[in-house]
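Let's walk through a protein model together, going from the whole chain down to a single residue. Have a look at it first, and then read on.

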Amino acid sequence: MKISNILVNHMHEPVGFELKDLRIEFAVADAKAGQAKKHLVIAAAGQSVYDSGWLEYDNNVFEPELALAPRTRYEVTVSVKSGSAEASGSSYFETGKQDEPFIGQWIGNKDKKLQNTLLKKDFTLKKTVASARLYATGLGLYEAYLNGEKIGDEYLAPGCTDYTKWIQVQTYDVTSALKQPGRFTLLFSLGDGWYKGNMGFDGGREEIYGDQQRMICELRLAYADGSEEVIASDASWLTAEGQITKSAIYYGEDFDATKEVKDWQAAALLDYPVDLLCDRLSLPLTVSEYLPVKEVIATPAAETVLDFGQNQAGWMEFYNREPKGTVIKFEAGEILQKGCFYRDNLRQARAAFVYVSDGQEGWVRPHFTYFGYRYLRVSGLTRKVSQDDFRAAVIFSKMDQTGQIKTSNSKVNRLFQNVQWGQKSNFFDVPTDCPQRDERLGWTGDADIFSNTAALNMNVFEFFKKYARDMAVEQDMHDGMLTMYAPDMGDHSGGAAVWGDAATIVPWNMYQAYGDKAILRQNYSAMKSWLAWVGRQTKSKHLWTGCFQFGDWLALDGENPAMPTGKTEEDFVASVYYYYSSWIMSQTAALLGHPADAEKYGEQAQAIKQAIQAEYITQNGRVAIDTQTAYALTLYFKLVPEDKLGRVVNDLVKRLAKDDDHLQTGFVGTPFICQVLSKYGRHKLAMKLFMNEDYPSWLYAVNLGATTVWERWNSVLPDGSINPQGMNSLNHYSIGAIMEWGYRYLLGISDHAPGYQKLVFAPQFDYRLKRVSGSYESSYGKFSVAYQIESDDEHTIKLSLDVPFGQTVEVRLPRAAKNGVLVNGELRSNGNFKLSAGHYELTYQPDEDYIERYSLESPIGEIMQDEAVVSKLAQVAEVINFFRDPGNRENFGKMSLPQVANVLPFINIDAATMKQISAILTATPILAERTK
């Protein structure tokens with residue numbers, strides 16, 4: 001037995017973070033299930049400041065009430081004992097300045113127009129340093145250096161916030177850089193970033209949050225002899241203009257390495273408030289990996305283009321070998337068109353890095369911008385391109401991956417990879433909609449619908465805690481209304497359903513995923529203010545009507561092609577979310593001990609639900625709006641009584657049949673449609689939707705070479721050309737919310753208690769994915785699954801499960817009532833049982849096998865793709881040759897053979913032959929390896 005993965009507020013060894021609601025979690029590895037006890041000790045400066053004593057192990061969480069001191073390192077020791085086994089593990093956390101006043105002052109350059117302000121302080125250390133911490137922040141963005149070496153591994157600090165309301169301070173341990181006495185230079189380099197640079201729609205705005213680059217810091221030194229010293233930002237610092245001649249988030253960066261840094265002058269003391277400074281919430285933006293160049297392309301337009309093989313966010317780095325004065329330009333793009341570089345879908349974002357060489361060899365990178373790209377057009381090089389001289393630095397907020405799914409279908413695997421790459425690319429301090437064009441804004445709607453998937457893929461609690469603060473800040477400034485994106489970059493528009501409901505849904509989803517109420521507590525008043533705002537805006541008593549809405553954004557069933565809001569009535573969508581947010585508010589109030597609020601919002605939710613039923617649903621369960629999204633919302637949010645759910649499911653199936661079993665959903669319906677089908681007994685149809693490969697489908701983009709998820713179902717047309725309708729981000733994660741369905745219904749993590757101490761394992765098998773494996777790692781450890789559907793005589797299903805210590809799994813295996821299930825060689829009478837920590841091998845023969853077979857109702861087009869069955873049919877039915885012709889297959893491929901026989905009089909199949917055909921079809925499995 002051993003203790004692993006100790007988390008402090010969901011982070012590993014956090015330094016300088018806001019640590020309200022202190023929470024310690026841990027995993028126990030290599031332990032058998034059984035009664036256990038847990039123990040937590042927290043110490044500072046060698047002295048115990050908290051001792052829980054031995055407690056019954058009821059969960060893996062400690063929530064010590066402890067008054068933390070500023071700038072203090074705390075050692076954490078967690079112990080567990082079970083029977084004769086006992087284990088301990090250690091970690092630490094370190095507080096920032098908390099509410100301690102800053103000694104440092106805001107400083108800058110008198111010239112507000114500088115694109116790159118440098119600020120430096122020279123100092124001498126004459127004594128040995130025991131420890132050193134730098135507490136710093138800068139606006140818009142900053143990097144700090146000691147003797148020319150960058151401090152820390154994060155970039156684009158201090159992150160993106162409304163800097164008029166809160167500014168995050170970063171804490172750096174610089175002890176190792178100052179170990180030896182000597183002369184040192186502490187230098188800060190500043191850029192405009194989100195604070196001062198151009199951001200937003202329609203050309204954007206500049207100086208949204210301020211008009212002057214500035215910095216504040218304290219370098220606190222503790223010497224080995226016990227003395228202390230503080231080197232703070234003040235009038236003794238010097239300032240000059242740096243070598244970055246222009247930088248902005250959309251623009252990119254121009255860096256002139258030949259430019260001499262000179263004319264150092266006294267820094268200006270700036271009169272800005274320090275009460276906005278606070279310990280950080282943002283996870284650091286770091287380089288997670290480097291991607292090599294996959295191919296150097298010489299295009300038909302005589303361009304040199306580097307292909308990194310993966311659409312992602314970050315920046316390029318290159319090894320400079322160019323003579324002094326050489327001007328090299330890198331332009332970012334997501335796709336080639338007719339083999340040539342293309343960037344028109346980036347709209348007004350220049351998205352380029354221009355470097356003027358100083359003739360010195362070494363790696364070069366941008367500093368205060370980033371790009372979303374797969375391809376780089378390179379110009380200005382005087383030497384032959386060497387692939388090894390270029391690399392893509394992948395940058396996103398530092399989050400551990402917690403989930404993954406792998407199947408026997410390579411296209412499905414690529415889709416799930418695309419979803420995770422989309423999350424990496426867009427979880428860039430705020431959950432942006434896209435990383436490439438002149439947008440990159442923290443859209444609330446995208447965050448809302450993807451938040452469950454996000455929490456399965458990665459540990460996003462602290463990421464969303466910070467974003468929830470961004471949302472609350474905007475609501476506080478807008479009388480409870482949540483803006484379309486947060487921070488709102490001076491736009492001030494918003495208030496639409498789904499998008500605005502992120503105010504309630506994101507905090508609630510994070511509680512469900514992590515079992516931690518911290519975000520609910522942090523945003524409780526903001527959640528209430530959102531519902532109050534909606535109540536003031538709506539034109540109806542209990543429905544949300546008469547306001548601007550996005551509707552089912554980018555749905556394909558809209559009657560007006562110029563309107564991307566879809567056919568599902570916008571007021572219906574808004575009212576459903578008004579109900580759901582009210583229900584969340586009632587549940588949250590009860591959790592946090594506010595019974596009056598719980599009753600108020602519970603009654604409000606019920607009144608809204610009844611109003612929806614009265615307006616949109618008949619007593620027999622007929623939904624008045626005949627769209628895929630309307631049915632999906634009705635089912636997902638249980639807007640009809642239990643005895644009417646079947647009617648709605650059947651109506652959804654009929655609607656899908658009218659739509660040729662293809663998606664017509666947009667932002668709102670897409671996350672739910674497969675979920676409700678699988679939940680209510682139509683998993684086979686959900687699989688059909690999921691496995692479709694023609695437009696519109698998830699795999700359509702995969703077949704066209706997508707490495708991330710697109711904004712539109714057809715942002716790229718079948719011929720490879722960009723959709724002329726515009727708004728074509730090729731790295732837009734929202735419809736990747738399908739991966740939540742993958743975790744719940746393919747992998748089988750169908751339900752769970754908040755925090756995953758208990759979960760329900762109920763996979764739904766399908767012949768098209770014969771092998772599925774994956775895992776989800778909660779704070780308890782990794783729950784792993786692997787299964788395969790054997791196509792032997794008994795059609796055996798074999799499963800492997802790994803359950804971490806402290807977690808209880810309720811297993812619900814389908815079609816297992818007749819033969820039972822072997823669990824590690826022991827026979828269970830049926831498929832319903834519980835498992836605790838351990839490794840398990842499960843085997844059973846389902847009551848009805850999962851190997852699908854053809855039938856007379858199978859579409860001709862599907863049959864003709866399978867050479868094995870075609871060769872058998874050709875022996876008894878000459879008509880098969882008719883369908884070998886591509887034109888005939890195109891015209892009649894969606895029809896069954898009997899339907900074709902009725903429509904085409906010259907196709908004469910007598911009853912005996914039809915019987916032979918039927919026998920061949922029903923005896924032939926539709927093997928996954930042979931399906932399209």
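Among the contacts in the protein chain with a separation of 6 or more, 72% join residues 24 or more positions apart. Keep in mind that you are looking at a predicted model. How confident is the predictor, as mean pLDDT of the protein chain? The mean pLDDT is 95, and 99% of the residues reach 70 or more. One stretch to treat with care is residues 928-932, where the pLDDT is below 50. This stretch has 13 contacts in the model beyond near neighbours in sequence. Where pLDDT is low, the predicted coordinates should not be read in detail.

Now zoom out to the whole chain. The protein chain contains 19 helices and 47 strands. Its radius of gyration is 30 Å, close to the 30 Å that the globule rule gives for 932 residues, so the chain is as compact as a globular protein of that length. If you follow the C-alpha trace along its principal axes, it spans about 100 × 70 × 60 Å. Of the 932 residues, 61% are buried. As for the outside, the protein chain exposes about 35600 Å², and carbon and sulfur atoms supply 46% of that area.

Next, let's visit one sheet. Four strands make up this open sheet, in the order S38-S39-S43-S46, and their pairing is mixed. Why do S38 and S46 each have one side left without a neighbour in the sheet? Strand S38 (749-752) and strand S46 (832-835) stand at the edges, and each has a single partner strand, so one side of each is left without a neighbour there. From one strand to the next, the twist averages 25°.

Further in, strand S39 (residues 758-761) pairs with strand S43 (residues 808-812) in the parallel sense, over four bridges. Phenylalanine 761 has valine 811 in S43 as its bridge partner. A helix joins the picture too: H14 (residues 738-747) packs on the sheet and touches S38 and S39. The direction of H14 makes about 100° with that of S38.

Finally, try finding a single residue. Serine 236 sits in the loop between strand S18 (228-232) and strand S19 (238-241). Is serine 236 buried, partly exposed or exposed? Its relative accessibility is 39%, so serine 236 counts as partly exposed, since that class lies between 20% and 50%. Serine 236 and alanine 268 are 32 residues apart in sequence, and their C-alpha atoms are 9.4 Å apart in space.

How values were computed. Residues numbered from 1 in each chain as written. Predicted model: local features only at pLDDT ≥ 70, side-chain atom pairs only at ≥ 80, totals over all residues. Heavy atoms only, no water. pLDDT = per-residue confidence, 0-100. Contact = heavy atoms within 4.5 Å. Pairing = 2+ DSSP bridges. Helix = DSSP H or I, 4+ residues; strand = E, 2+ residues; numbered from the N terminus. Axes fitted to C-alpha atoms, helices over the stretch in contact; angles between N-to-C directions. Rg over C-alpha atoms; globule rule 2.2 N^0.38 Å. Buried < 20%, exposed > 50% of the residue type's maximum accessible area, 1.4 Å probe, protein only. Areas by Shrake-Rupley, 256 points an atom, 1.4 Å probe, with all protein chains shown as cover.
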